[in-house]
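Trainee: Please take a close look at the enclosed space in this model and the residues around it. I should then like to see how the neighbouring open space, the helices and the loops are built.

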Amino acid sequence: MSGYLRKIVDRHELKRLLVLMLPLYAANLMHMGMGVVDTVVAGRAGAEQLAGVALGTSVTVPIMVAVGAVLTIIGPMISRLRGAGCEGKVGLLLNNAKLLAVMLMVVEALALLAGAFVFPLVSDDAEMVRVASDYLYFLVLAVPASVMMRCLQGHFEGYGHTRPAMLISFAGLLLNIPLNYIFVFGWGAVPAMGGAGCGLTTALIHYIMVAALLVLMAVYPRYRRNMAQMWANRRAEWRVVRDIFTKGLPLGVASLCEMTFFCLVTLVIAPLGALAVGAHQVAINVSAVLFMFPLSLSVAASIRSAYHVGARNRESFDAMLRTSISFMLLVIVALALLTICFRREIIMLYTDEAPIIELASSLLVLCAVYQLSDAVQALMSGLLRGCHDTQAITWVNMFSYWAIGFPLACVLVRTDYLVPAMGPMGAWVSFVVSLTITAMMLCWRFAQVRRRVFAR
């Protein structure tokens, strides 16, 4: 490595980021793979089964992800305690996080049950509504496991130990395939449940994954004390519960703002017909796959930044910052160029319909354009989480997605107010604009926070 490059990229920090990020990246891709398996298996059971699962997912995913996002602050909080030499307080943090998790379980279950009332409002197809409702009810059963899994993952992430998430996600993906077929199509004494069987499979896999994480905590000597303290019957320290909640809630709200923005833009496009919606959905799926890299880097950066803030080590913090930005830019530029050069080949992996390939290929050009902004805003969000400054993320997301992005999408997709109606292209222009604004505002906020954190 040349002298100039060494000033930009710190070898130690790059190694630590890669050790954290690569297992997370693999785990995230495997989680996406579970969704793909659900879609494929439900589709083989029939169009109405597939539509029911899709309708159920449209309600359950935003709620479950938003609630889980509240607990993503646990990893950076544990890492910060370790950096400050207060590892003995990790068990206390987990004990109170467990109490908050129980409260969030109730909130998530009630939100999901309320979501079932949405299905009859958006569809007159009784069978599709029934499948979506049954799918949702099975996911309500998964709520305790899904929330607790987020706590346990945060514990391992806080120690920089992300391989368990990868291995358990891989096992979950392998189990997802046979269990889906068993519950969807029936096997032996198990009756065929159709698309609702995907929901039962998801619930069972969540409990299996939680059990595996608990076993790992019990097996590793370093974590046994934390596990004992987590399950200890002790009086709640509401100060700690409130601290976790006030730092984590903005992350849940920010996640909900972002997810609902992209979901509702699809509804804006829907009246334009199957071609527009199909091309949009294919391009969105490709974008989601590409986003797994900056998302994983964001989590890794949040853990490393929290550790250095806890240790009051500005030099190492800045080395990590330079390294993460340089690494992100290198990979994102490469991904964007590959997306542009091979956009038609990528789309052909999803469909062989020429009109969809043509339109989706155009959308992928805009997808490549906003990859840099999307990666920057994800990285800045992770760094702000590591600095325990989370409220700004919520306000920025609300402003950029709902004050700017969604109105702009409505205008560009369906009207001639600014330019002739652009159809799906207008939605993707709004993505470019809103993500660029998000990235710029979060960069500005992070620059302020960085100065403040190390000025104390």
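Mentor: The lining of the largest cavity is made up of five nonpolar, three polar and one charged residues. The model is a predicted one, and every value below is computed from it. The count of cavities of 30 Å³ or more comes to one, and about 40 Å³ of space lies in the largest cavity. Around that space stand L24, Q153, F156, E157, H161, T162, P164, A165 and L213. Two elements, α7 and α8 (163-185), each give two or more residues to this lining. The greatest contribution is that of α7, with three residues. A general property of helices is useful when reading such a lining: an α-helix has 3.6 residues a turn, so residues three or four places apart point the same way.

Helix α7 (residues 126-158) also holds G154. The relative accessible area of G154 is 0%, which is why this glycine counts as buried. S79 lies 75 residues from G154 in sequence, yet the two C-alpha atoms are 9.6 Å apart in space. A second glycine, G91, is placed in helix α5 and is likewise buried, with 0% relative accessibility. Its C-alpha atom is separated by 22 Å from that of L20, which is 71 residues away along the chain.

The open space may be taken next. The second largest pocket holds about 270 Å³, and its lining comprises M77, R80, L81, A84, K89, L92, L93, R239, V240, D243, G310 and H388. Two or more residues of this lining come from each of α4 (74-83), α5 (90-115) and α11 (238-269). By class, the pocket lining divides into six nonpolar, two polar and four charged residues.

One of these lining residues, H388, deserves separate attention. H388 sits in the loop between α15 (354-386) and α16 (391-414). Its phi is near 60°, a positive value in a residue other than glycine. The relative accessible area of H388 is 18%, and since buried means under 20%, this residue counts as buried.

R312 can be set beside H388. R312 is not a glycine either, and its phi is positive at about 55°. It occupies the loop between α12 (274-311) and α13 (314-341). With a relative accessible area of 40%, R312 lies between the limits of 20% and 50% and therefore counts as partly exposed. Thus a loop residue with positive phi is buried in the case of H388 and partly exposed in the case of R312.

Helix α12, which R312 follows, has 38 residues, and these should span 56 Å at 1.5 Å a residue; the end C-alpha atoms are 54 Å apart, so the span agrees with the expectation. The helix nevertheless bends by about 30° at F291, and a proline, P294, follows within four residues. Most of α12 is covered, with 27 of its 38 residues buried.

Helix α3 (residues 47-70) offers a second case of this kind. Its 24 residues reach 35 Å from the first C-alpha to the last, close to the 34 Å expected at 1.5 Å a residue. Here too there is a kink of about 30°, centred on T57.

The cysteines complete the picture. The count of disulfides comes to zero. C86 is in no disulfide, and the nearest cysteine sulfur, that of C387, is 17 Å away. C443 is in no disulfide either, with the sulfur of C387 again the nearest, at 13 Å. A sulfur pair must lie within 2.5 Å to count as a disulfide, so neither distance, 17 Å for C86 or 13 Å for C443, meets that limit. C86 counts as partly exposed at 26% relative accessibility, and C443 is partly exposed as well, with a relative accessible area of 32%.

Technical notes. Residues numbered from 1 in each chain as written. Predicted model: local features only at pLDDT ≥ 70, side-chain atom pairs only at ≥ 80, totals over all residues. Heavy atoms only, no water. 1 Å grid on protein atoms, 1.4 Å probe; cavity = no way out; pocket = protein on both sides within 12 Å on 5 of 7 lines; lining within 4 Å. Points joined across faces, edges and corners; volume = space filled by probe spheres on them. Nonpolar A, V, L, I, M, F, W, Y, C, P; charged D, E, K, R; others polar. Expected span 1.5 Å × (residues − 1). Bend = angle between axes of the 7 residues up to and from the residue. Buried < 20%, exposed > 50% of the residue type's maximum accessible area, 1.4 Å probe, protein only.
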